[in-house]
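Trainee: Please take a close look with me at one single part of this chain, and then show me how the rest of the fold is arranged around it.

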Amino acid sequence: MGFEKTTKTIVIGGTSGIGRAVAELLSARPGEVVVASRSNGLDISDEDQVNEFFKRQGLFDHLVVTAGSRAPSGKLVGLNLNSARSAFDTKFWGSVNAVHAAASNIRPGGTITLTSGFLARRTVPGTFVKTAMNAALEATAKILARELAPLRVNVVSPGLTETEAYSGMEATARSQMLQNAAASLPAGRVAQPHDLAAGYLFAIDTPSVTGAVIDIEGGALVA
Ligand SMILES: NC(=O)c1ccc[n+]([C@@H]2O[C@H](COP(=O)([O-])OP(=O)(O)OC[C@H]3O[C@@H](n4cnc5c(N)ncnc54)[C@H](OP(=O)(O)O)[C@@H]3O)[C@@H](O)[C@H]2O)c1
């Protein structure tokens with residue numbers, strides 16, 4: 001379904017990184033784009049806040065969720081389980097909170113696009129939190145594609161993408177990490193937020209795509 005001036009898209013996580021790039025691309029189209037995150041008053045891990053937020057938004061067309069890039073790494077034995085639960089509360093339960101509150105407000109022809117990550121299907125010791133929550137999201141999205149049909153539900157699965165998620169790293173270490181990753185990826189480069197945004201627009205725009213996981217990871221899954 002094409003975008004019209006009444007088309008409304010909500011991007012939770014749209015204030016930074018991949019979500020902001022999605023919001024920027026959508027802003028060039030007719031219609032309204034609403035971005036939400038903690039910095040403008042919505043904590044997706046808080047079910048009451050999420051319910052209130054969607055009640056205020058009313059009917060809309062497309063939901064994109066990119067919120068929550070933080071997760072602890074390290075082997076399970078020795079991991080702080082509270083930080084693992086907190087990552088799940090934001091990314092996994094937050095996405096579930098959003099779909100739970102929003103699905104009945106999405107107009108016919110609408111879509112939901114969630115976000116996982118390449119570790120969902122890659123076995124790397126020390127990454128169990130990311131692996132588990134991203135795998136759970138991919139599995140949930142496939143169920144939702146059946147339960148909410150004909151509304152379409154998809155997941156974009158990023159690989160390493162150069163966003164603010166890495167802004168806490170020391171500059172030299174960050175640049176070295178990005179260079180090493182680019183050298184090891186079949187695509188020979190680290191993805192930029194707009195590379196990922198193209199995947200969300202593909203999910204939104206392509207009427208036969210539902211229950212799909214769209215991998216944009218520079219070939220990390222075949223490396
Ligand atoms: N970048 C990568 O290399 C990479 C790789 C694999 C998967 N991913 C996934 O891609 C998604 C986007 O990542 P990114 O790199 O774009 O991250 P980012 O630049 O850190 O952006 C994350 C966004 O989520 C929002 N957010 C965080 N906690 C939230 C909460 N509790 N409630 C509402 N909003 C919240 C942040 O805004 P506030 O701080 O204002 O809340 C921000 O807008 C994440 O799901 C991440 O796991 C990224």
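**A proline on a strand**

Mentor: P108 is exposed, because 8 other C-beta atoms lie within 10 Å of its own (12 or fewer make a residue exposed, 20 or more make it buried, and numbers in between make it partly exposed, with C-beta atoms placed from the backbone). This is a predicted model, in which local features need pLDDT of at least 70 and side-chain atom pairs pLDDT 80 or more, while totals for chains, interfaces and linings use all residues. Residues are numbered from 1 along each chain as its sequence is written.

The place of P108 is in strand β4, which covers residues 106-115 (strands are DSSP runs of E with at least two residues, helices are runs of H or I with at least four, and both are numbered from the N terminus). Although P108 and D61 are 47 residues apart in sequence, their C-alpha atoms are 7.7 Å apart in space.

The start of this strand also leads us inwards. I106, the residue that opens β4 (106-115), is touched by L63, which also touches I10, A98, A102 and I112, leaving out residues up to four places away in sequence (touching, or contact, requires C-beta atoms within 7 Å). L63 is in turn one of the residues with the most contacts inside the largest nonpolar core, alongside V11, I12, V22 and A98, and that core has 48 residues (a core is a set of buried Ala, Val, Leu, Ile, Met, Phe, Trp, Tyr and Cys residues joined through C-beta atoms within 7 Å). Helix α3 gives this core its largest share, seven residues.

Two other places let you practise the same reading. E52 is found in helix α2, residues 47-57, and it counts as partly exposed because it has 13 C-beta neighbours inside 10 Å. Its C-alpha atom is 8.8 Å from that of A101, although 49 residues separate E52 and A101 in sequence.

V213, in strand β6 (residues 213-216), is likewise partly exposed, because it has 18 C-beta neighbours inside 10 Å. Its contacts, once neighbours within four places in sequence are left aside, are S116, E138, V155 and S157, and its C-alpha atom is 6.1 Å from that of N154, a residue 59 places away in sequence.

Now step back to the whole chain, which has six helices and six strands that run, from the N terminus on, β-α-β-α-β-α-β-α-β-α-α-β. The C-alpha atoms fill a box of roughly 45 × 35 × 30 Å along the principal axes, and 43% of the 223 residues count as buried. Among contacts between residues at least 6 apart in sequence, 74% join residues at least 24 apart, so pairs distant in the sequence are worth following as you turn the model.

Burial is not shared evenly, since helix α5 is hardly covered, with zero buried residues among its 14. A last detail to find is the peptide bond joining A149 and P150, which is cis, with omega at about 10°; P150 is found in the loop between α4 (128-147) and β5 (152-158).

Conventions
Two residues are in contact if their C-beta atoms, placed from the backbone, lie within 7 Å.
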